[in-house]
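Hi,

Here is the structure I promised to pass on. Have a look at it first, and then read my notes underneath.

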Amino acid sequence: MAVDAVLLESPTMRATVADRVEVLDRVRALQLLPDGVHVTTEGVAAYFGVLPTTVKAVVFDHREELAANGYRVMTGSELGCFKELSGIRSRARSLALFTRRTVLNVAMLLRDSETARQVRCHLLDVEQEARRSAVDGAALPVDNAPRWPEGSLQAAVAGVAEQVVRDVVGTAVVPLLNALAIEVGRNSSKIDAMADRVDRLERVVLDDDERTVARRRRRLLRAVDEGVDEEELADLLI
């Protein structure tokens, strides 16, 4: 499976990178309407190099997800005002509009487009780099200790405090840890010894049960040979 397929298949993964709209311009320029915010279906199709019907099919299959990312259809007086402000000359009674975020969402859903595939690859690269930076940043030690001038009173106090901490660790903490380690070792030995005793008791109980069953069997066989009645046999079975 191609690396970018994770975006095609996983709504959760798409949601994590839905704000990375800057990757659109890394692949090719996206032509927005004069309002600088929206793109029409035809504009989205031109960006991805596909037919408008292909974009409409994606909208049909994923309308709820796209709507959550800015897709909308204007009608009525709202559409009339939008046409006038945007200089759109069209007699259509409705107009589907995409934001940059919606176009990015389409890129993560559109399979048969090389442009969409490149956008997905850029998305994964950006996300991987962001995670790597976060890990590297977390791994760097943070030194918030103030740097006092050498020979100053603050530096002397800081040196004394550091030495006190070292002395406490050496005289109290380390011996305590050593004693704790010894006690843990002793407890482990006790637990092992108890486990051995339990095993031996289990073996004794099993052996006793086997001996009891054998003795009962011998008594029953002897009673049958001696021709005892049913009541006596019943007593032996109890």
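Below is what I found, starting with the helix packing and ending with two single residues.

One thing to keep in mind as you read: this is a predicted model.

Let's start with helix H4, which covers residues 41–48. One of its partners is helix H5, residues 52–61, and the two axes come within 8 Å of each other, crossing at roughly 105°. An angle between 65 and 115 degrees counts as roughly perpendicular, so that is how H4 sits relative to H5. On the H4 side the contact is made by Thr41, Glu42, Val44 and Ala45, while H5 brings in Pro52, Val55 and Lys56. That set is a mixed bag: four nonpolar residues, one polar and two charged.

H4 also packs against helix H8, residues 100–107. Here the axes are 11 Å apart and the angle is about 50°, so H4 and H8 are oblique to each other. The crossing of H4 past H8 is right-handed. From H4, the residues involved are Val44, Tyr47 and Phe48, and they meet Val103, Val106 and Ala107 of H8. This contact has six nonpolar residues, with no polar and no charged ones. If you want a residue to click on, try Val44: it belongs to the contact with H5 and also to the one with H8.

Staying in H8, take a look at Thr102. Is it buried or exposed? Its relative accessibility is 0%, so Thr102 counts as buried. Its side chain makes a polar contact with the side chain of Thr99, at 2.8 Å. Setting aside neighbours within four places in sequence, Thr102 touches Leu66, Asn69, Gly70 and Tyr71.

The other residue I'd point you to is Arg14, in helix H2 (residues 11–16). With a relative accessibility of 4%, Arg14 falls under the 20% cut-off and therefore counts as buried. Which residues does Arg14 contact, leaving aside those within four places in sequence? They are Leu7, Leu8, Glu9, Glu65, Asn105, Met108 and Leu109. Asn105 is worth picking out from that list: Arg14 and Asn105 are 91 residues apart along the chain, yet their C-alpha atoms are separated by 7.4 Å.

That's everything from me for now. Shout if anything is unclear.

Cheers

Key. Residues numbered from 1 in each chain as written. Predicted model: local features only at pLDDT ≥ 70, side-chain atom pairs only at ≥ 80, totals over all residues. Heavy atoms only, no water. Axes fitted to C-alpha atoms, helices over the stretch in contact; angles between N-to-C directions. Helix = DSSP H or I, 4+ residues; strand = E, 2+ residues; numbered from the N terminus. Parallel < 35°, antiparallel > 145°, perpendicular 65-115°, else oblique. Contact = heavy atoms within 4.5 Å. Nonpolar A, V, L, I, M, F, W, Y, C, P; charged D, E, K, R; others polar. Left-handed = near helix turned anticlockwise from the far one by under 90°. Buried < 20%, exposed > 50% of the residue type's maximum accessible area, 1.4 Å probe, protein only. Polar contact = N/O pair within 3.5 Å; in protein donor to acceptor, adjacent residues only side chain to side chain.
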